[in-house]
Amino acid sequence: MTDPVLSLRGISKRYGPLEVLKNVSLDVYPGEVVALLGENGAGKSTLSGIIAGSRTPSEGTMTWQGQPYAPASPREAIDKGVVLIHQELQLLPELTIAENVFIGRWPMKNGVVDRAEMIKRAQEQLSRLNLHVPATRKVAGLSTANQQLIEIAKALALDAKLLILDEPTAALGGAETEALFEQVRKLRSEGVGIIYISHRMEEIKQITDRVVVLRDGERVQEFADSATPVRTIVESMVGRPLDRLFPALPVPRQQPVLEVDGLTAADGTFRDVTFEVRAGEILGIAGLVGAGRTELVRAIAGADPVRSGTVRLNGEGLTLRSPADAIAKGIVMVPEDRKLQGLVVSHRIGENLVYANLDRFGGRWITPSMKRDLARKAISTFGIKGRGEQLASDLSGGNQQKIVIAKWLMRDPKVVVLDEPTRGIDVGARAGIYDIIVGLAKKGVAVIVVSSDLEEVLGVSNRILVLAQGKQAGILDREQANDVSVMELATI
Amino acid sequence: MSALDVNEQGRQSRNLLGWLSGATGPLIGLLMLSVFLSVATDRFLSVRNALNILDQITVLGVMSVGMTFVILIGGIDLSVGSVLALSMMIMGWLGNIAGLPMAVAIPLALLVSAVSGLIVGVLVTRLRVPAFIATLAMMSVARGVANMITDGQQIVGFPDWFTMLAIDRHFGVLTATVFLMLAIVVLAWLFLKYRSEGRMLYAVGGNPEVARLAGINVGLVTIGVYVLCAVLAGLAGIVLAARLDAVQPSSGFGYELDTIAAVVIGGTSLSGGAGGIGGTLIGVLIIGVLRNGLNLLNVSPFLQQVIIGVVIVLAVGAETLRRKKA
Amino acid sequence: MSALDVNEQGRQSRNLLGWLSGATGPLIGLLMLSVFLSVATDRFLSVRNALNILDQITVLGVMSVGMTFVILIGGIDLSVGSVLALSMMIMGWLGNIAGLPMAVAIPLALLVSAVSGLIVGVLVTRLRVPAFIATLAMMSVARGVANMITDGQQIVGFPDWFTMLAIDRHFGVLTATVFLMLAIVVLAWLFLKYRSEGRMLYAVGGNPEVARLAGINVGLVTIGVYVLCAVLAGLAGIVLAARLDAVQPSSGFGYELDTIAAVVIGGTSLSGGAGGIGGTLIGVLIIGVLRNGLNLLNVSPFLQQVIIGVVIVLAVGAETLRRKKA
Amino acid sequence: QEVKKLGLAVANLQANFFNQIKQAVEAEAKTRGIEVITVDAKGDGPTQVNQIQDLLTQDIDALIYIPAGAAAASVPVKLAHQSDVPVINVDRNADGAPGDTFLATDSVASANAVCKHIIEKAGGKGNMVIIHGQKGTTPEVDRTKGCMDAVNANPGVKVVAEQWSNMWSQDEGFQIMQNMLQANPDVSIVFAQADGLALGAAQAIKVGNPSQKIVVGGFDGDTAALEALKDGVFDVTATQQTQKMGRTAVDMAVKIVAGEKVEPVQLMDATLTTKDNVDGFIANHP
Ligand SMILES: Nc1ncnc2c1ncn2[C@@H]1O[C@H](COP(=O)(O)OP(=O)(O)OP(=O)(O)O)[C@@H](O)[C@H]1O
Ligand SMILES: Nc1ncnc2c1ncn2[C@@H]1O[C@H](COP(=O)(O)OP(=O)(O)OP(=O)(O)O)[C@@H](O)[C@H]1O
Ligand SMILES: O[C@@H]1[C@H](O)[C@H](O)CO[C@H]1O
Ligand SMILES: [Mg+2]
Ligand SMILES: [Mg+2]
């Protein structure tokens with residue numbers, strides 16, 4: 001075999017007393033895709049950051065193409081050909097797509113930025129990913145999925161010798177993912193070394209050559225063959241046998257709780273949607289990226305205005321002018337983006353729990369003990385790894401997501417809407433969230449789950465509503481629903 | 001998880017000073033300043049001087065409470081100095097020229113202040129004018145109106161009981177105005193800490209979209225905060241009128257920056273969502289003690305400006321250094 | 001994907017007025033204001049008055065360019081008025097009292113300004129002092145030092161060629177100082193628009209972490225911008241000295257708010273990353289035309305304050321209304 | 001009793017006039033071996049009240065007090081008297097609570113002389129503007145009165161605009177005059193109530209370059225203004241006796257503390273100063 005393009009030896013990383021990476025070694029060869037797997041908080045992003053020069057290791061050495069390698073800044077790494085697609089979107093919403101794609105390395109001519117060239121080349125990158133959006137458009141207002149594609153285009157535009165993709169598909173649907181994989185395969189065939197991080201186990205088999213598993217900052221195992229059964233890999237990740245991902249669904253009761261009739265968004269993103277959700281039922285909503293799923297559920301939760309149509313709760317017609325209206329009636333939503341919409345990440349867990357329940361404290365003094373009780377209850381009920389006085393930003397993604405769910409469930413809602421409830425969450429934690437969802441249904445709550453993860457919608461839904469370009473393409477019963485029938489409707 | 005626990009405990013102990021929310025550096029600064037002044041001048045450490053300092057910070061203290069609220073929700077209010085002047089002039093005109101009793105003139109002055117805050121709040125929430133611009137405009141308008149009331153003239157001489165509010169030391173200690181300031185500080189502290197309405201400010205400042213989705217009426221909170229800030233600025237004007245036994249439309253010029261400085265020195269973040277009244281009190285005291293101390297030290301007026309700037313940077317920078325080390 | 005495409009392309013057309021980046025509302029405001037003044041007074045619409053306005057906005061214009069840079073990276077600079085005064089006093093002292101030729105005194109004054117900007121930049125990037133506090137402190141320090149140079153005295157009377165820079169209308173049209181301002185505006189516009197260093201400011205202001213990860217040296221950019229802003233403030237001081245034929249340490253008091261207002265009225269966002277010089281020019285012109293127009297209309301100074309406030313809000317609010325409709 | 005420590009509360013050191021008095025007080029005190037503590041209110045009344053509290057904390061024996069605001073002038077006097085510290089008001093006095101003595105220029109008479117001079121120089125007629133000092137302060141009120149007497153005696157003179165400054169500064173003078181010229185391009189007489197204002201106005205006129213000659217009168221005899229007067233930058237001023245005021249203030253403090261009775265009001269002359277007699281004042285400021 002050829003020499004590795006990158007070698008890590010004994011890499012450790014400490015934040016104060018907390019050891020995030022312990023003595024990790026890794027080789028990446030040209031023309032291979034290495035899967036880097038591990039639970040939330042295992043240290044995958046930290047390791048990526050170290051390789052890409054945005055964090056410095058506490059101990060250990062790296063070798064790049066046979067030379068010692070210790071990048072002091074991202075710039076240094078980029079110049080050498082080490083390119084990282086960050087887990088979090090790193091885009092500037094006020095700038096155009098083209099400028100974002102070439103950020104910091106704008107093509108120059110005669111000492112000035114060569115706009116025409118920049119736009120042309122950016123547009124090329126976009127079409128490689130089947131993204132047909134003008135490169136001169138601002139990033140602000142693009143859907144998360146499209147932003148993720150731009151993030152990928154940014155990396156493709158660089159002349160990478162090593163490409164690290166940190167959960168690139170968390171926000172992508174099937175078609176986008178396929179377009180991405182095509183590019184990854186192409187790069188691999190050109191001899192680029194690739195590190196691929198994901199929580200979507202089905203992708204591992206499709207795209208990676210070799211699997212490396214991290215647990216609690218340690219490299220615990222390597223599977224040379226990506227055809228290793230998923231169960232084996234997952235058990236290596238979580239360090240214990242995992243029985244099942246999806247719990248059994250309860251049988252819904254008869255009475256409809258939420259009835260939506262002819263609902264149309266004020267801006268027309270979705271039109272004429274009609275469905276009902278019964279007590280104890282989980283309704284999945286599927287569709288391609290941009291189909292209007294998020295907008296639909298936001299409207300039901302009072303977050304966005306509607307043009308026409310009705311929403312009834314237990315037979316009572318509702319006028320929802322704000323989230324407060326919906327919450328007061330018992331309709332709550334776990335939004336798509338927990339960092340921007342779900343949590344004040346710079347505040348404590350206890351505070352975040354309080355924020356969703358302020359009306360219940362109305363007119364009373366909120367004592368520290370009340371906050372403590374609230375936090376204790378949420379943490380024990382949902383098995384959250386964390387403490388009330390911790391900052392939300394200090395928790396792993398899965399635990400953050402549980403907080404967002406928990407803050408609403410303290411109120412005994414009648415309808416719970418979850419938009420992409422497991423985006424970026426590891427398998428172990430995902431199982432925990434599915435348990436919560438099914439637990440809600442068992443208590444008689446009407447649940448709506450929006451997801452781009454087909455396996456997930458299929459796994460937790462009694463019925464699946466499919467949206468296609470803002471229109472209701474159909475509703476499938478659990479028995480009829482499978483990847484093929486859902487995708488058929490979604491691509492009408 | 002054991003490594004984590006150690007870390008957690010490290011954080012925990014720091015939270016003992018939690019009520020200061022980020023103002024530990026400034027508190028250390030204040031203490032060091034006070035120790036230095038106690039040694040360097042024999043007048044500083046005396047009950048009399050302490051009471052003087054309290055008198056001197058009354059106006060700034062009252063205004064800073066309102067500004068803390070505004071900055072906590074991620075806003076800013078440049079109009080406080082002008083609203084102070086407007087309130088003074090309204091009260092002075094109603095009381096001394098229109099001849100209404102002070103007990104009527106004062107509430108009306110506060111009402112006018114509230115209206116100015118209401119206008120700002122509506123501009124910010126409905127017209128989406130940035131708070132900086134809305135309050136800058138109000139700063140200009142309120143000053144103009146304050147001037148127009150008497151065509152720029154001062155009004156001098158209020159009833160004795162009124163001016164005595166700022167002079168009479170009850171129980172030999174606190175004047176009514178100082179007492180008022182302290183009461184406002186304590187109430188505001190309790191409100192922010194323990195009332196659900198107070199916690200809302202943190203949510204709104206931390207992330208308005210999260211707050212909205214959590215069912216908080218962000219617009220109403222914002223308007224309420226600007227009204228409160230304006231009313232407190234108006235009240236500061238009344239306090240100042242009592243202290244000066246006169247009102248003048250140019251009063252309070254430039255106070256907005258002093259007030260914002262006090263709040264930010266006290267550790268409240270200009271981006272909103274973090275900080276509190278405890279820190280603001282320290283910020284106000286740093287400014288008050290510093291000015292008082294420099295006078296007692298007989299530092300020449302121009303050099304005072306230089307020293308004030310340096311100390312402010314040190315007080316705030318110390319907090320960063322402390323955090324870096326921790 | 002076709003529905004998506006339609007949706008995403010809708011945004012494109014609005015970019016035609018892209019060079020104004022959000023200042024279309026203010027531009028409409030400026031035009032309406034000008035039309036109104038042309039009708040309401042016969043003196044407004046004349047070459048002579050237009051040149052007067054240009055003269056009058058020179059100092060504000062030069063300072064606003066620097067402030068635009070600072071605000072674009074998400075900062076703020078409250079020290080510009082004081083740095084202006086410091087630069088004036090340094091130049092005046094070196095030129096008139098130490099007797100150096102102006103050609104030496106002026107660069108030295110600019111150098112001192114640059115150092116004050118450097119200090120701010122280092123405080124902001126290294127000590128992580130919020131820009132508001134760092135520049136507030138510098139505002140106090142620079143003013144104090146400016147005062148100490150002559151113990152608060154003004155210095156009057158410069159060489160004729162120097163004062164003529166602000167008076168002589170070359171080719172019967174532009175004074176050297178107006179020409180200087182226009183050159184700075186054009187250069188800054190080109191720089192921000194076409195140089196990669198200029199684009200970096202947008203990246204840093206949009207999100208410093210993103211910029212850092214993209215390999216941009218955020219610290220250096222930040223320091224550079226504060227130095228530039230201080231140098232332009234110093235240059236504005238030289239321009240003002242030529243215009244007044246005198247220097248005085250109290251000059252430029254309160255200019256920081258005028259300058260920030262001009263930039264923000266021009267559509268540059270206080271949170272950074274959006275806006276530009278085109279908008280700032282409009283903001284400066286709105287302020288200049290408004291003051292000039294109100295004088296021509298013989299509006300009393302107090303009423304002027306009220307009207308200025310109202311027009312500023314309208315100019316900025318119009319942008320929101322326009323967007324809401326669009 | 002003897003004076004060992006003097007408090008000097010200045011309204012605003014940016015005005016040359018006050019700066020001159022400050023320097024005179026400090027010089028005089030030095031020759032008598034008295035310590036002076038100086039504070040500068042920067043034009044803000046409340047700041048001055050705070051500063052005087054701090055002066056009183058330091059057990060000063062007497063207070064020389066130049067009120068900052070027009071309002072608020074009475075509180076410091078009351079505070080000082082509460083602590084049994086005598087007050088020497090300079091330049092400005094408060095109706096409600098006058099100092100133990102008040103030293104000032106006879107602004108009514110001197111302003112009258114200045115205005116007479118500029119009106120005469122303009123040929124006894126024309127459109128006139130007045131740039132006032134800080135509204136409501138003693139000198140502003142008195143100078144307005146004195147000047148208006150002269151204006152009213154000349155029916156050919158019309159006051160077409162009046163504006164007030166806050167800081168008596170050159171900046172303000174420039175700006176105000178520029179505005180006035182825009183609204184009233186045919187002005188031919190300017191009375192600026194302080195030299196700072198007059199210098200600013202003169203420069204605004206130079207920059208504005210009007211076709212008619214404009215006569216400018218000032219007040220104070222500032223150091224820089226006297227030089228400018230010599231160069232013909234403006235036409236006339238009234239030179240106040242700042243050195244004497246400073247000296248007298250210290251003297252009064254010593255006398256009052258010693259228990260001597262002094263006059264409650266002591267007005268000094270200001271000399272009408274033009275190009276012709278300016279040299280003497282430049283050489284030796286009264
Ligand atoms: N700046 C920091 N200070 C302290 N702890 C940190 C910091 N950054 C990361 N951590 C901690 O390091 C651990 C590893 O984080 P990392 O982001 O690498 O995990 P990950 O494997 O990428 O997880 P995920 O799958 O959720 O993305 C976590 O426990 C995290 O809380
Ligand atoms: N903040 C926004 N501003 C403007 N348009 C938006 C915004 N977010 C999404 N859109 C647009 O609205 C349309 C529907 O997006 P939506 O987010 O509802 O899709 P979705 O089916 O939920 O997919 P996703 O998985 O991306 O959430 C898309 O065309 C998208 O570009
Ligand atoms: O009399 C003085 C002087 O004219 C000075 O220029 C400013 O303040 C006034 O009170
Ligand atoms: Mg990660
Ligand atoms: Mg969505």
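Begin by selecting A:Thr294, which in this predicted model is a buried residue with a relative accessible area of 15%, a value that counts as buried because the cut-off is under 20%.

Next, keep A:Thr294 on display and add the magnesium ion, ligand 5, whose protein donors are A:Thr294, through its OG1 atom, and A:Glu336, through OE. When you look at the distances, you will find that these donors lie 1.8 to 2.4 Å from the ion. Now colour the stretches of chain A that carry the two residues: A:Thr294 belongs to helix 9 (residues 293–300), while A:Glu336 sits in the loop between strand 18 (331–334) and helix 11 (338–342), so the pair ties together parts that are 42 residues apart in sequence.

From there, move to chain D and select ligand 3, which is surrounded by D:Phe17, D:Phe18, D:Asp91, D:Arg92, D:Pro139, D:Arg143, D:Trp168, D:Ala194, D:Asp220 and D:Gln240. If you then show helix 1 (16–31) and helix 5 (138–152) of chain D, you will see two elements that each supply at least two residues of this shell.

Which side chains should you examine for polar atoms beside an oxygen atom of ligand 3? In D:Arg92, a polar side-chain atom lies 3.1 Å from an oxygen atom of the ligand, and in D:Arg143 a side-chain N or O atom is 2.5 Å from a ligand oxygen. For D:Asp220, the distance between a side-chain N or O atom and an oxygen atom of ligand 3 is 2.5 Å.

Finally, turn on the surface: ligand 3 taken alone exposes 270 Å², of which the protein buries 99%, and the space that ligand 3 takes up is the second largest cavity.

Key:
Residues numbered from 1 in each chain as written. Chains lettered and ligands numbered in written order. Predicted model: local features only at pLDDT ≥ 70, side-chain atom pairs only at ≥ 80, totals over all residues. Heavy atoms only, no water. Donors = N, O, S within 2.8 Å, 3.2 Å for Na, K, Ca; no water. Helix = DSSP H or I, 4+ residues; strand = E, 2+ residues; numbered from the N terminus. Buried < 20%, exposed > 50% of the residue type's maximum accessible area, 1.4 Å probe, protein only. Near = heavy atom within 4 Å. Polar contact = N/O pair within 3.5 Å; in protein donor to acceptor, adjacent residues only side chain to side chain. Areas by Shrake-Rupley, 256 points an atom, 1.4 Å probe, with all protein chains shown as cover. 1 Å grid on protein atoms, 1.4 Å probe; cavity = no way out; pocket = protein on both sides within 12 Å on 5 of 7 lines; lining within 4 Å. Sits in = over half its atoms within 2 Å of the grid points.
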